[in-house]
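Open the model in a viewer and keep the selection tool at hand. The stops below say what to select and what is there.

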Amino acid sequence: MEPMACQWTDAPHSMGTTIMAVEYNGGVILGADSRTTTGVYVANRASDKITELTDNVYLCRSGSAADSQVVSDYVRYFLNQHTILLGRLATVKTASTLVKELSYQNKSFLETGLIVAGWDKYEGGSVYGIPLGGTLLRLPFATGGSGSSYLYGFLDQAWKSNMTQEEAEALVVKSISLAIARDGASGGVVRTVTINEEGVQRKFYAGDKLPLFHEEIAPRPTPIHAN
Amino acid sequence: MTKSSVIQVPPKGGFSFDLSRRNAMLQQQGAKLPKYRKTGTTIVGLVYKDGVILGADTRATEGEIVCDKNCEKIHYLAPNIYCCGAGTAADTENVTDMVSSQLALHRYATGRDSRVVTALTMIKTHLFRYQGHVSAALVLGGVDVTGPHLHAIYPHGSTDTLPFATMGSGSLAAMSVFESRYKENLTREEGMEIVSAAICAGIFNDLGSGSNVDLCIITKEGKEYLRNYQQPNPRSYTRSKGYDFMNGYTAVLSTQIRQLRQHVQVLEGDRMDEE
């Protein structure tokens with residue numbers, strides 16, 4: 001056996017991930033974990049999976065890290081040109097349609113599940129899910145990534161329409177924490193982005209700020225040895 | 001994907017996968033692929049108070065053999081940007097050479113110093129186009145007008161922007177040192193100490209890494225390339241009589257001495273115009 005055959009250097013960089021976005025009355029909240037894996041090694045424990053497409057539209061990325069980064073770079077570029085041509089902010093529908101075009105037309109080469117969410121003055125807050133094959137589906141809330149499997153039942157029971165910003169934020173943080181607890185490919189911190197008429201607000205929930213569930217132990221500070 | 005009646009279009013560039021299935025089939029039947037010269041490697045980078053520090057070991061391997069005991073893994077991209085490379089040595093050398101030429105042309109075109117994100121985008125678009133077959137895992141660091149930057153680039157074209165990064169077969173050993181000792185706003189001495197400790201962890205605990213520690217410190221004032229900053233694996237024994245091979249060790253079958261000057265003819269001709 002080759003002594004130097006390392007899974008963590010040869011395996012593609014993928015984001016196991018839990019991502020989600022919910023609509024509330026006034027805007028949308030996007031949430032994601034922060035773990036990027038190469039095989040079973042955590043290559044980045046603090047990655048940012050919520051990337052900006054325009055001032056008012058953001059994208060949650062899951063699946064292959066390279067594919068999702070390339071798609072988001074192309075869409076950001078096209079939307080930039082579109083905004084200049086149009087003379088005003090792009091709509092969430094336009095952004096998600098562009099993402100869908102790239103995903104669908106290149107479906108044999110790409111492996112990435114995306115959620116586009118944002119706020120515009122015509123529709124208010126909107127969430128669009130674009131899973132693996134390139135379907136475009138507008139939804140009141142969307143989840144994605146390997147950790148989303150653990151959230152279907154929970155969200156069936158806990159989600160309700162017309163939530164306030166605080167309720168929606170709490171729901172997102174609780175959902176991602178539940179998925180992190182059960183999915184090995186999700187972990188790290190919880191990042192949220194709130195988009196509404198006023199603008200964009202980024203929040204960061206470190207591990208010790210997250211709610212604890214069944215059989216979870218409270219984190220303790222570890223002493224850092226100085227040598 | 002089935003191709004039933006497709007018009008043959010000339011290839012537009014990018015990797016040609018035509019022979020991949022044939023090679024896989026041959027490998028299954030027992031043919032051995034040539035061994036790549038890999039840099040087993042431990043490469044690291046961290047951001048400190050005044051800039052970035054990059055570190056690398058110096059062992060290059062060909063299968064199980066160490067083919068170069070003191071190779072250079074920290075490659076030049078721009079006066080203010082350097083890149084450590086892990087993976088197949090040919091791929092890292094050529095990608096960094098190519099991007100450094102593109103960056104030089106870009107500097108002439110724009111009239112400005114290169115930015116780290118420019119190098120990052122050039123490298124990631126190239127690697128993505130080759131879908132991971134260009135096996136180059138890089139730690140890119142530099143200081144430009146927007147400040148110090150450090151990025152990790154993976155063979156499939158994804159990138160991570162981090163305050164400290166490690167890559168290569170020794171990355172886990174090096175990351176353990178970083179995770180326990182890194183903090184923000186390190187001084188230059190602390191940073192150099194932590195980077196060398198991380199590379200040494202890779203050198204001593206990973207079979208694919210070894211020999212010496214190279215460092216490169218980049219600040220907005222300039223760069224300092226410390227080749228062989230630490231040499232923790234010196235040759236401890238040398239034969240006192242030396243390693244000469246005296247006459248008589250090899251059988252000489254015949255001797256022929258030819259003067260080379262007879263074969264060189266100097267011709268009078270037109271000089272190239274100097275203007």
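Select A:Tyr74. In this predicted model, A:Tyr74 has a relative accessibility of 44% and counts as partly exposed, because the band between buried and exposed runs from 20% to 50%. Add A:Phe78, which is partly exposed with a relative accessible area of 30%. The two residues are four apart in helix α2 of chain A, so about one helical turn separates A:Tyr74 from A:Phe78.

How are aromatic pairs described? A pair of rings is given by the distance between the centres and the angle between the planes. Over all chains, seven aromatic pairs are counted. For A:Tyr74 and A:Phe78 the ring centres are 6.1 Å apart and the planes are at 25 degrees, so this pair is stacked; the reason is that planes under 30 degrees apart count as stacked. Add A:Tyr77 to the selection: ring pairs link A:Tyr74, A:Tyr77 and A:Phe78 into a cluster.

Now extend the selection to the whole of α2(A), residues 65–86. The helix has 22 residues and reaches 31 Å from its first C-alpha to its last, close to the 32 Å expected at 1.5 Å a residue. Colour the buried residues of the helix: A:Ala65, A:Ala66, A:Asp67, A:Ser68, A:Gln69, A:Val70, A:Val71, A:Ser72, A:Val75 and A:Leu79. After α2(A) comes A:Gly87, with a positive phi near 90 degrees.

Switch to chain B for another ring pair. Select B:Tyr76 and B:Tyr82; their ring centres are 5.7 Å apart and their planes at 80 degrees, so the pair is edge-to-face. B:Tyr76 is partly exposed, with a relative accessible area of 38%, whereas B:Tyr82 is buried at 6%.

Stay in chain B and select B:Thr41. Which annotation covers B:Thr41? The UniProt record, an unreviewed entry, carries the annotation "active site" for B:Thr41. B:Thr41 sits in the loop between β1 (37–39) and β2 (43–47) of chain B, and is buried, with a relative accessible area of 0%. Show its contacts, leaving aside neighbours within four places in sequence: among them are B:Asp57, B:Lys73, B:Met167, B:Ser169, B:Asp206 and B:Ser209. Glycines on the contact list of B:Thr41 include B:Gly85, B:Gly168, B:Gly170 and B:Gly208.

Return to chain A and select strand β8, residues 112–120. Is this strand enclosed or open? Nine of the nine residues of β8(A) are buried, so the strand is largely enclosed by the rest of the structure. In a regular strand, side chains alternate between the two faces of the sheet. Both faces of β8(A) are covered. To see this, colour A:Thr112, A:Leu114, A:Val116, A:Gly118 and A:Asp120 for one side, and A:Gly113, A:Ile115, A:Ala117 and A:Trp119 for the other.

Next, show the strands that pair with β8(A). Strand β7 (residues 57–64) of chain A is joined to β8(A) by seven bridges, and the two run antiparallel. One place to look is A:Gly63, whose bridge partner in β8(A) is A:Thr112. Seven bridges also join β8(A) to strand β9 (residues 124–130) of chain A, again antiparallel. Here A:Ile115 has A:Gly129 in β9(A) as its bridge partner. β8(A) and β9(A) form a hairpin, with three residues between them.

Another sheet of chain A comes next. Select β11, β2, β3, β12 and β13, in that order across the sheet: this is an open sheet of five strands with antiparallel pairing. β11 (141–144) and β13 (200–205) of chain A stand at the edges with a single partner strand each, so one side of each has no neighbour in the sheet. From one strand to the next the twist averages 15 degrees. Within this sheet, zoom in on β2 (residues 19–24) and β3 (residues 27–32) of chain A, which run antiparallel and are joined by six bridges. The bridge partner of A:Ala21 in β3(A) is A:Leu30.

Finally, add helix α5 (residues 165–182) of chain A. α5(A) lies across β2, β3, β12 (190–196) and β13 of chain A, running at about 155 degrees to β12(A). Select A:Ser177 in α5(A): A:Ser177 is buried, with a relative accessible area of 5%. Leaving aside neighbours within four places in sequence, A:Ser177 is in contact with A:Val190, A:Leu210, A:Pro211 and A:Phe213.

Key: Residues numbered from 1 in each chain as written. Chains lettered and ligands numbered in written order. Predicted model: local features only at pLDDT ≥ 70, side-chain atom pairs only at ≥ 80, totals over all residues. Heavy atoms only, no water. Expected span 1.5 Å × (residues − 1). Buried < 20%, exposed > 50% of the residue type's maximum accessible area, 1.4 Å probe, protein only. Phe/Tyr/Trp six-rings, centres within 6.5 Å; stacked < 30°, edge-to-face > 60°. Contact = heavy atoms within 4.5 Å. Pairing = 2+ DSSP bridges. UniProt positions renumbered as here; feature names shortened; annotations may be inferred. Axes fitted to C-alpha atoms, helices over the stretch in contact; angles between N-to-C directions.
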